[in-house]
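This report describes the fold, the interior and the ligand surroundings of the structure shown below.

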Amino acid sequence: MSLLRPLKIGALEFTNNLVLAPMAGVTDLPFRELCREMGAGMTVSEMVASNPRLRASKKSRQRIQHSKEPQPICVQIVGNDPQQMADAARYNVAMGAALIDINMGCPAKKVYRKQAGSALLGNEPLVQSILETVVRSVEVPVTLKIRTGISPDQRNAVRIAKIAQDSGIQALAVHGRTRTDKFKGGAEYRTIRNVCQSVDIPVLANGDIDTPRKAKQVLELTDADGLMIGRAAQGYPWIFREIAHYFQYGRTAPILNTNEIHSILIRHIKALHVFYGETSGVRIARKHINWYLKTKNYGVIRIKEINCLNSASEQLEALGNVLNVAVDPNNYNRRSLHDNNLFLISHHRDTENKESTL
Ligand SMILES: Cc1cc2nc3c(=O)[nH]c(=O)nc-3n(C[C@H](O)[C@H](O)[C@H](O)COP(=O)(O)O)c2cc1C
């Protein structure tokens, strides 16, 4: 069977089994739309707090905007109170979500302190109560995202996966690290394989997948139904297209043409300006620009220069200078492209160098 295949979660069918991981502060609406266009079969929103008092905050309102977002829309909720989580699920379905994902994987201090995210993995009865209550509360499929366990000597992902399946969860994403690992060390895939062998619901393998070859290795090693990709997509959203190509044809995709790279970057930055408004949009765009331009060719100084600018037009213009293209906020034209081949080649080389053996 082809490694690239449709992903079925309950009654929902996604075009392929390559999924953009939820990342707070990163996977906003502009980035999700871009990744879908670049070949991701499914994207998941940034986590949304289940506490209703936080619903009116600007951050929460932005996180639940789905205008024009390709269907099916998947929203991740976070919390630790079963009833509040169920209410949040219902609320997000009313706001347009076709799938609710529950976060039990986030190790961030502010989430962990509230006994939510990955902290829940240490309380299996509460996990069961949350999952059963949320599943009962909505008609749409509910999925769960977890880590492999609490700590390297307490990897309880298989038990959690069975609880999830018995509670009516329709798919599971497993990040190959434990809660105490945070992001240290390499992802471990054996536990993900054990999870895949223990349940019948679709399982997505997640952690450190950053090249098409690594994607193939992880899928074959874990026997998962699909892959979830997070940090590698930052500044490299076309990774989904590249993995899809590699899975379909068994060889790496031709390098994206320079026009495409430029238009992806500029379009992304403009979309952030529009989505967040100029002040926040320019600030949020900085980290994306850093990710896109992290190759040596552009140098720290030029990136730092861009990061000092506070207006949308200055940011776009400076970006145009670095990329050697003319960019104006309303109309984007190429001036010269030949220098940018360096960017492309070195970006590819960087990612291929990241290949590691498992
Ligand atoms: C900046 C950042 C924000 C994240 N936010 C979330 C989140 O909101 N919900 C969640 O379940 N996981 C979150 N994660 C974890 C990712 O979804 C993913 O599991 C992790 O990054 C490992 O995958 P990767 O190696 O492909 O990045 C976040 C990770 C990062 C780096």
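## Strand E6 and its two faces

In this predicted model, Leu 99, Asp 101 and Asn 103 point to one side of strand E6, while Ile 100, Ile 102 and Met 104 point to the other. Side chains in a regular strand alternate between the two faces of the sheet. Both sets of E6 residues are buried. The strand covers residues 99-104, and 6 of its 6 residues count as buried, so E6 is mostly covered.

E6 has a paired strand on either side. Strand E5, residues 74-78, pairs with E6 in the parallel sense over 4 bridges, and in this pairing Gln 76 of E5 stands opposite Asp 101. Strand E7 is joined to E6 by 5 bridges, again in parallel; here Met 104 stands opposite Ile 146 of E7.

## The barrel

What arrangement do the strands E3 to E10 form? They make up a closed barrel of 8 strands in the order E3-E4-E5-E6-E7-E8-E9-E10, with parallel pairing. On average, neighbouring strands of this sheet are turned by 30° against each other, when direction is ignored.

The pairing of E3 with E10 belongs to this ring. Strand E3 (residues 18-20) and strand E10 (residues 226-229) run parallel and are joined by 3 bridges. Within this pairing, the bridge partner of Val 19 is Met 228 in E10.

Strand E7, residues 142-149, is largely enclosed by the rest of the structure, because 8 of its 8 residues are buried. Besides its bridges to E6, E7 pairs with E8 in the parallel sense over 6 bridges. In that pairing Thr 143 has Ala 171 of E8 as its bridge partner.

## The chain and its nonpolar cores

The chain has 358 residues, of which 44% count as buried. Its secondary structure comes to 14 helices and 12 strands. Among contacts in the chain with a separation of 6 or more, 65% are between residues 24 or more positions apart.

Nonpolar side chains tend to be buried together in soluble globular proteins. In this chain the largest nonpolar core has 80 residues, and Leu 172 and Leu 227 have the most contacts inside it. Leaving aside residues up to four places away in sequence, Leu 172 touches Thr 143, Leu 144, Ile 146, Ala 161, Ala 164, Val 195, Val 199, Ile 201 and Val 203. A second core of 14 residues is separate and includes Ala 285, Leu 293, Ile 306 and Leu 316.

## Surroundings of the ligand

Which residues come nearest to the ligand? There are 22 residues around the ligand, and Ala 21, Met 23, Met 47, Gly 230 and Arg 231 come nearest. By class, this shell comprises 10 nonpolar, 8 polar and 4 charged residues.

## Backbone features in the loops

The loop between helix H2 (58-63) and E5 contains Pro 72. The peptide bond leading from Gln 71 to Pro 72 is cis, with omega near -10°. Ser 67 also has its place in the loop between H2 and E5. With 7 C-beta neighbours inside 10 Å, Ser 67 counts as exposed, because the cut-off for this class is 12 or fewer. Its C-alpha atom is separated by 9.3 Å from that of Gly 96, which is 29 residues apart from Ser 67 along the chain.

Positive phi values occur at Gln 115 and Lys 182. Gln 115 is not a glycine, yet its phi is positive at about 55°. This residue is found in the loop between helix H4 (109-112) and helix H5 (124-137). For Lys 182, which is also a residue other than glycine, phi is near 50°. Lys 182 lies in the loop between strand E8 (171-178) and helix H7 (190-198).

Are these two residues buried, exposed or in between? Gln 115 has 14 other C-beta atoms within 10 Å and is therefore partly exposed, since buried residues have 20 or more and exposed residues 12 or fewer. Lys 182 is likewise partly exposed, with 14 other C-beta atoms within 10 Å.

Conventions
Residues are numbered from 1 along each chain as its sequence is written. This is a predicted model: local features need pLDDT of at least 70, side-chain atom pairs count only at pLDDT 80 or more; totals for chains, interfaces and linings use all residues. A residue is near a molecule or strand if its C-beta atom, placed from the backbone, lies within 6 Å of it. Ala, Val, Leu, Ile, Met, Phe, Trp, Tyr, Cys and Pro count as nonpolar, Asp, Glu, Lys and Arg as charged, and the others, Gly among them, as polar. Two strands pair if DSSP finds at least two bridges between them. Axes are lines fitted to C-alpha atoms, for helices over the stretch in contact, and angles run from 0 to 180 degrees between N-to-C directions. Two residues are in contact if their C-beta atoms, placed from the backbone, lie within 7 Å. A nonpolar core is a set of buried Ala, Val, Leu, Ile, Met, Phe, Trp, Tyr and Cys residues joined through C-beta atoms within 7 Å.
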